[in-house]
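Work through the exercises below with the structure open. Try each task before you read its solution.

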Amino acid sequence: MKHPYVNDLIDTLGRSGEDVILYPSSSVSFPDFSLHMAKISGERHLLLVGEGASRSGFRGELLSNGMLLCPTTHDNRLILNGLIPTTVPQAFGKEQATFGVGDRLGIATPGHIRALSRSRAKPILAQQSKRELALTGRTYEQVLDDVSFSVFQEGYTGGFGADGDHLKSIEEIREALACGYTMITLDCSSVIGKGTEHLSVQGSRERYLDRDFYVGGRDYSFTESDLNRCVLVYGNALEFAETVYRECILTSGKEIDFELSIDETDSVTTPLDHLFVATELLSRGVEITSLAPRFAGEFQKGIDYIGDLALLEGELAQHAAIADHYGYKLSIHSGSDKFSVFPMIGKHTDGRLHVKTSGTSWLEAVATIAHCDPSLYRRLHECALANFEAATAFYHVSADIERIRPLSAVSDEDLLSYLALDDSRQLLHITYGFLLGDPELRRSIYDLLSAQEEIYFDRLVGHIGRHLHLLGIQ
Ligand SMILES: [Zn+2]
């Protein structure tokens with residue numbers, strides 16, 4: 001059904017009908033005005049109708065029909081946050097299942113909300129690492145602005161989080177917190193395995209040696225060499241985590257989901273390692289919401305798990321039990337498309353988990369382009385091939401571009417199944433920074449996806465929904 005204000009807006013602006021959309025779920029009424037999300041020639045605007053519009057605090061253009069049309073600026077987002085508290089991110093604590101959906105383009109959120117709003121997991125809708133921000137030319141503030149406006153656009157009131165993902169320094173964490181982020185993922189990779197300046201093995205002997213740990217129906221014990229190894233690998237990371245917890249998290253003045261990430265390193269986190277880290281955190285009084293171990297095998301970007309499923313399941317069960325015992329969620333990073341392991345993750349965590357995905361939503365955007373505009377897809381593909389080598393500096397993947405069939409041999413109809421192959425997926429997964437860095441391609445990508453947004457959202461609902469279903473949290 002057409003929105004009652006659409007025709008008025010079309011006439012007043014002198015636009016054609018296709019140029020103006022009013023999102024039906026967005027409308028909210030206040031005592032002396034109503035607020036709506038409009039899209040005019042591909043650009044989103046807040047539309048205020050009613051005599052109170054000019055006193056609302058929103059800045060925009062007063063139209064001749066008395067409506068106020070406001071751009072989606074940061075200042076207007078802050079006014080929106082004040083009026084509608086559910087457009088502000090929140091923390092979810094140690095029990096609630098959460099699912100992170102990074103959105104490199106800043107346009108996927110309506111699809112993410114539709115996929116997650118009826119699931120058992122709360123969505124972490126803003127979730128970008130520093131690396132992704134650098135490669136896409138966005139900022140923490142913009143990411144949260146885009147998400148807040150989309151939450152309003154969808155009329156979603158179920159609550160969402162904002163994750164400053166893979167932060168490595170106190171300055172980065174302070175920046176994310178100042179921008180209103182409610183989850184901090186501390187990436188310890190730069191201090192893992194770098195010896196130990198602080199934690200003495202001597203001081204931790206009685207905590208670990210000559211005793212058993214009984215966790216999840218299983219006995220664990222440390223030998224002297226286990227303990228030495230744990231201290232060497234994780235000693236500095238624990239020191240860093242404690243500093244961040246005391247200087248940033250505790251002093252933030254609000255609830256923060258604090259995740260410790262020890263996944264982006266070469267050292268596989270054994271269950272015994274995890275037990276050591278958990279025990280150290282407890283003894284230092286550091287409360288985390290979730291912990292991301294580095295699992296055995298490979299969780300590569302955008303493709304299924306590579307490795308021994310039986311071995312993984314044995315360790316996963318122990319990691320989940322340790323996390324549960326110490327009172328936090330197990331976090332699964334690079335969770336995009338790990339379909340063969342989702343059922344065991346769901347089973348062993350029993351929904352006490354956090355999952356991070358990001359690249360897969362970008363790949364669904366690429367698939368939408370391949371479906372709607374094959375010639376644009378072909379341009380992206382050429383650019384991706386030309387920059388694959390350079391992109392491997394940012395991401396570790398096993399893709400072999402020699403195995404990718406020449407695009408000239410693939411018909412338009414076959415592009416989607418071609419894109420489902422691991423090598424093609426990884427090619428396009430890791431080269432997004434180069435594709436978006438080309439001004440002409442960038443504009444074409446955004447224009448196409450804006451025009452075909454409902455197709456993109458439907459694809460996201462299906463694809464993220466498949467993740468949730470296999471995890472048992474749909
Ligand atoms: Zn990670």
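A residue is buried if 20 or more other C-beta atoms lie within 10 Å of its own, exposed if 12 or fewer, and partly exposed in between. Keep in mind that this is a predicted model.

**Exercise 1. Decide whether Glu264 is buried, exposed or partly exposed, and find its contacts.**

Solution.
Step 1: locate the residue. Glu264 sits in the loop between β13 (257–261) and α9 (271–283).
Step 2: count. Glu264 has 18 other C-beta atoms within 10 Å.
Step 3: apply the cut-offs. Buried needs 20 or more, and exposed needs 12 or fewer. Glu264 is therefore partly exposed.
Step 4: list the contacts. Set aside the neighbours within four places in sequence; Glu264 then touches Asp187 and Ser189.
Step 5: look further away. Arg104 is 160 residues from Glu264 in sequence, and their C-alpha atoms are 20 Å apart in space.

**Exercise 2. Place His166 and Asp337, and say what phi each has.**

Solution.
Step 1: take His166. This residue belongs to strand β9 (residues 161–167). Its phi is positive, about 50°, although His166 is not a glycine.
Step 2: count around His166. There are 23 other C-beta atoms within 10 Å, so His166 is buried.
Step 3: take Asp337. Its place is the loop between β15 and α11. Phi of Asp337 is also positive, near 65°, in a residue other than glycine.
Step 4: count around Asp337. With 24 other C-beta atoms within 10 Å, Asp337 is buried.

**Exercise 3. Work out how much of helix α11 is buried and what covers it.**

Solution.
Step 1: count. Helix α11 spans residues 342–349, and six of its eight residues are buried. The helix is mostly covered.
Step 2: name the buried residues. They are Phe342, Met344, Ile345, Gly346, His348 and Thr349.
Step 3: find the cover. It includes two helices, α10 (309–326) and α18 (453–471). It also includes the strands β15 (329–332) and β16 (353–357).
Step 4: look just past the helix. Asp350 follows α11 and has a positive phi, near 50°.

**Exercise 4. Explain why α3 counts as largely enclosed, then describe how it packs against α5 and α18.**

Solution.
Step 1: count. Seven of the eight residues of α3 are buried, so the rest of the structure largely encloses this helix. The buried ones are Thr109, Pro110, Gly111, His112, Ile113, Ala115 and Leu116.
Step 2: find the cover. It includes β7 (98–101), β8 (122–129), α5 and α18.
Step 3: take the angle and distance with α5. The axes of α3 (residues 109–116) and α5 (residues 140–154) come within 9 Å and cross at roughly 55°. The two helices are therefore oblique to each other. Their crossing is right-handed.
Step 4: name the contact with α5. Thr109, Pro110 and Ile113 of α3 meet Asp146, Val147, Ser150, Val151, Gln153 and Glu154 of α5. By class, these residues are four nonpolar, three polar and two charged.
Step 5: repeat for α18. The axes of α3 and α18 are 8 Å apart, at an angle of about 40°. That makes α3 oblique to α18. This crossing is right-handed.
Step 6: name the contact with α18. From α3 come Pro110, Gly111, His112, Arg114, Ala115 and Leu116. From α18 come Tyr456, Phe457, Leu460, Val461, Ile464 and Gly465. The contact has eight nonpolar, three polar and one charged residues.

**Exercise 5. Classify the packing of α13 and α17.**

Solution.
Step 1: take the geometry. Helix α13 (residues 374–391) and helix α17 (residues 439–451) have axes 11 Å apart and an angle of about 140°.
Step 2: classify. Roughly antiparallel needs an angle over 145 degrees. The helices α13 and α17 are therefore oblique to each other.
Step 3: add the hand. α13 passes α17 in a left-handed crossing.
Step 4: name the residues. α13 gives Leu376, Arg379, Leu380 and Cys383, and α17 gives Leu441, Ser444 and Leu448. They divide into five nonpolar, one polar and one charged.

Definitions and conventions:
Residues numbered from 1 in each chain as written. Predicted model: local features only at pLDDT ≥ 70, side-chain atom pairs only at ≥ 80, totals over all residues. Helix = DSSP H or I, 4+ residues; strand = E, 2+ residues; numbered from the N terminus. Contact = placed C-beta atoms within 7 Å. Axes fitted to C-alpha atoms, helices over the stretch in contact; angles between N-to-C directions. Parallel < 35°, antiparallel > 145°, perpendicular 65-115°, else oblique. Left-handed = near helix turned anticlockwise from the far one by under 90°. Nonpolar A, V, L, I, M, F, W, Y, C, P; charged D, E, K, R; others polar.
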